[in-house]
Amino acid sequence: MEKGEEKTLFLPSQEVVNQANVKEYDQLYLYSLDQPEAFWAEQAEQLSWYKKWDKVLDKSDPPFFKWFEGAKTNIILNAIDRHQSSATRNKLAVIWEGEPGDSRTYSYHALNREVSQFANILKSMGVKKGDVVTIYMPQIPEQLFAMLACAKIGAAHSVVYGGFSHEALADRINDANSRVVITADGGYRRGKVVEMKSVVNKAMELSPTMEICITVKRTGIDVYMENDRDYWYHDLKSLPIASSKCETEVMDSSDMLFLLYTSGSTGKPKALVHTHGGYSVYTASTHKMVFDIKPEDRYWCAADPGWITGHSYIVYGPLINGSTIMLYEGAPNHPYPDRWWKMVEKYGINILYTSPTAIRGLMRFGDSWPNRNDISSLRLLGSVGEPINAEAWNWFHKVVGRGKCPIMDTWWQTETGGFVIAPLPITPLKPGSATKPFFGNDLAVVDDAGKEVPNGEEGTLVIKTPWPGMAKSVFNDPQRFIETYWEKYKKQGWYHTGDSAKKDEDGYFWIIGRNDDVIKVSGYRLGSAEIEGVMARHPAIAESAAIALPHNLKGNAIHITAVLRSNYKPSKELEHELMVHMEEHLGKIARPEAIQFADVLPKTRSGKIMRRLLKSRALGLPDGDLSTMEE
């Protein structure tokens, strides 16, 4: 956050305010903090339940909070079943396009049929309530059907992103004790087939629990299939077992819905457990309010269902709200950099929710690609995954949003289940700030002792109150859940996010980055995201990554790896110019020790920059676990 940047305000248009689902924030937010159980009960009343709750929140065993205790539900009751007896039944639920250009659509009626058939296939394979089914697939409709089918019969799904190595996949299968895995022969990415069944075959060799693999034929490549273990999905679907009628399992509100693994720079990945009741209420509420969802909207969250963003805001939140979802299999710039903009025009997309990494990547190709397509259907934009630098925010707003689309910059985590800090369409926006807390969330920026730091000063972001979307625990490891998220501020009973942040005088939150992505130079703390944001202001920079390396005098010095825009070439002169640029915009303390130019930055498959890898290579240390790294 450059000095003065927190003063820049983008006010919503009167048209946006007039059509907003929520027309007032301050009073409703205060009410949600003052009477949280009443507020969340009101949100829950908008959903269907087999049996209502006895208690909105059971706080008897913190931090293992139970929401809507005593209620009977299943997320499928709200995501699919209740739409079958309404006008939504014949509405489009899913519009899908494959990278080669093939496409399919499904109404809510057709979605129910597909999910019921998949659910009956899983039951025929012995999958029952409480089992964990591992899903390792490309972005095809069957990935959604598989997730929803697991939920329908009371099994939990563990979706593993379809680019992980066989070792990483095996680790997650074994940890979850899965005996069934669902995959595809492969998928398409940048014009090439990405093999998946072959990866699963290797993983099964390392997985003693694995008994059955169901494979969707997507690409037609040759794959090895073992008798009595491997089954083609289309073969199973043609059998009498795949009936289109299947009862939805009645679940307790706090029963497990899914596991989702989060990977850190060290330690084995941990599986966060999310539940049917609280998660349903939270994802539906946040999705509807923040994205101002209307019945006619065509909504595109351009994430992958394999990450929490996909779970909450491709699959569950939108389906509960009866939205029409766009799903795309491939790369945003294949075969040309306007692939996304062509689809926005073709399908009349109203809302586009994506990551700063994707925005910067497309910005690199210039304005002409979005400008050659009619993307005037867009009315809201969104950003997720990391703090968005002002340069990318302004490009997204001006070029993609044509200056009229508010940007919903959201901060949240796998652990939170849904948005924790996010604007509403009526919120005045500040580029780079996720703005204010979503209803019911009491947040603070504190020091290590738990004392709130003054406005404008950096500290650790904490959540003071429980919220319905929160993870129930770490799968089979409650102690790790306590130690990771609750131990540091145990006395206060606060959730420790692990992110550093600032709050400005208007109450807007600015996420700086992970606490372990904070660089301390001569006693001053600088966030890597903050440094990279200033770098991005220079016209030569497409994106960059800042790390700290040891320095005899300063303790640490800033080292930057930078990717240049296509019309710039690396040189000593440019390196010097960028150093001066950093000094001018962030102060002498932020002058990098060195700037290295690269064609690409190492990233995880979810688009996050692997700064630890840059650091270990600079120090001549081993690379460590690269299972999360994109190709």
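For a chain of 631 residues, a compact globule would be expected to have a radius of gyration near 25 Å, and the value of 24 Å found for the protein agrees with this. The model is predicted. The C-alpha trace extends over about 70 × 55 × 50 Å along its principal axes. In terms of secondary structure, the protein comprises 19 helices and 30 strands. Of the 631 residues, 61% count as buried, and the accessible surface amounts to about 24500 Å², with 49% of this area belonging to carbon and sulfur atoms. Among contacts with a sequence separation of 6 or more, 71% are accounted for by residues 24 or more positions apart. The protein carries 73 positive and 79 negative charges, the mean positions of which are 1 Å apart.

Arg 218 is situated in the loop that connects β11 (212-216) with β12 (230-232). The relative accessible area of Arg 218 is 14%, under the 20% limit, and the residue is therefore classed as buried. Its side chain takes part in polar contacts with two acidic side chains: one of 2.7 Å with Asp 102, and one of 2.7 Å with Glu 329. Beyond residues up to four places away in sequence, the contacts of Arg 218 include Trp 96, Gly 98, Glu 99, Pro 100 and Ile 140. Further contacts of Arg 218 are made with Ala 184, Asp 185, Gly 186, Gly 187 and Tyr 188.

Two buried hydrophobic residues were examined in regular secondary structure. Ile 463 belongs to strand β22, which covers residues 459-463. With a relative accessibility of 1%, Ile 463 counts as buried. The C-alpha atom of Ile 463 is separated by 5.9 Å from that of Asp 442, a residue 21 positions away along the chain. Asp 442 is also in contact with Ile 463, as are the residues Asn 441 and Leu 443. Other residues touched by Ile 463 are Thr 416, Val 420, Trp 494, Tyr 495 and Thr 497.

Trp 393 is located in helix α15, formed by residues 390-400. This tryptophan is likewise buried, at 1% relative accessibility. When residues up to four places away in sequence are set aside, Trp 393 touches Phe 10, Ile 388, Ile 407, Leu 429, Pro 431 and Gly 432. A C-alpha separation of 8.4 Å is found between Trp 393 and Ile 359, which lie 34 residues apart along the chain.

Backbone geometry was considered next. The peptide bond between Pro 62 and Pro 63 is cis, with omega about 5 degrees; Pro 63 is placed in the loop between β1 (55-58) and β2 (66-69). A cis peptide bond also links His 334 to Pro 335, where omega is near 0 degrees. Pro 335 occupies the loop between β17 (324-328) and α12 (339-347).

Positive phi values occur at non-glycine positions, including Asp 292, with phi of about 55 degrees, and Arg 402, also with phi of about 55 degrees. Asp 292 lies in the loop from α10 (276-290) to β16 (298-301), whereas Arg 402 is part of the loop between α15 and β20 (407-409). Asp 292 has a relative accessibility of 1% and so counts as buried. Arg 402, by contrast, is partly exposed because its relative accessibility of 34% falls between the limits of 20% and 50%.

Terms used. Residues are numbered from 1 along each chain as its sequence is written. This is a predicted model: local features need pLDDT of at least 70, side-chain atom pairs count only at pLDDT 80 or more; totals for chains, interfaces and linings use all residues. Side-chain values use heavy atoms; hydrogens and water are left out. Helices (H or I, at least four residues) and strands (E, at least two) are DSSP runs, numbered from the N terminus. Buried means under 20% relative accessible area, exposed over 50%, partly exposed in between (1.4 Å probe, protein chains only). A polar contact is a pair of N or O atoms within 3.5 Å; within protein, one must be able to donate a hydrogen and the other to accept it, and residues adjacent in sequence count only if both atoms are side-chain atoms. Contact means heavy atoms within 4.5 Å. The radius of gyration is taken over C-alpha atoms; the globule rule is 2.2 Å times the number of residues to the power 0.38. Accessible areas come from the Shrake-Rupley method with a 1.4 Å probe; for residues, only the protein chains shown count as cover. Lys and Arg count as positive and Asp and Glu as negative; His and the chain ends are not counted. The place of a charge is taken as NZ of Lys, CZ of Arg, CG of Asp or CD of Glu.
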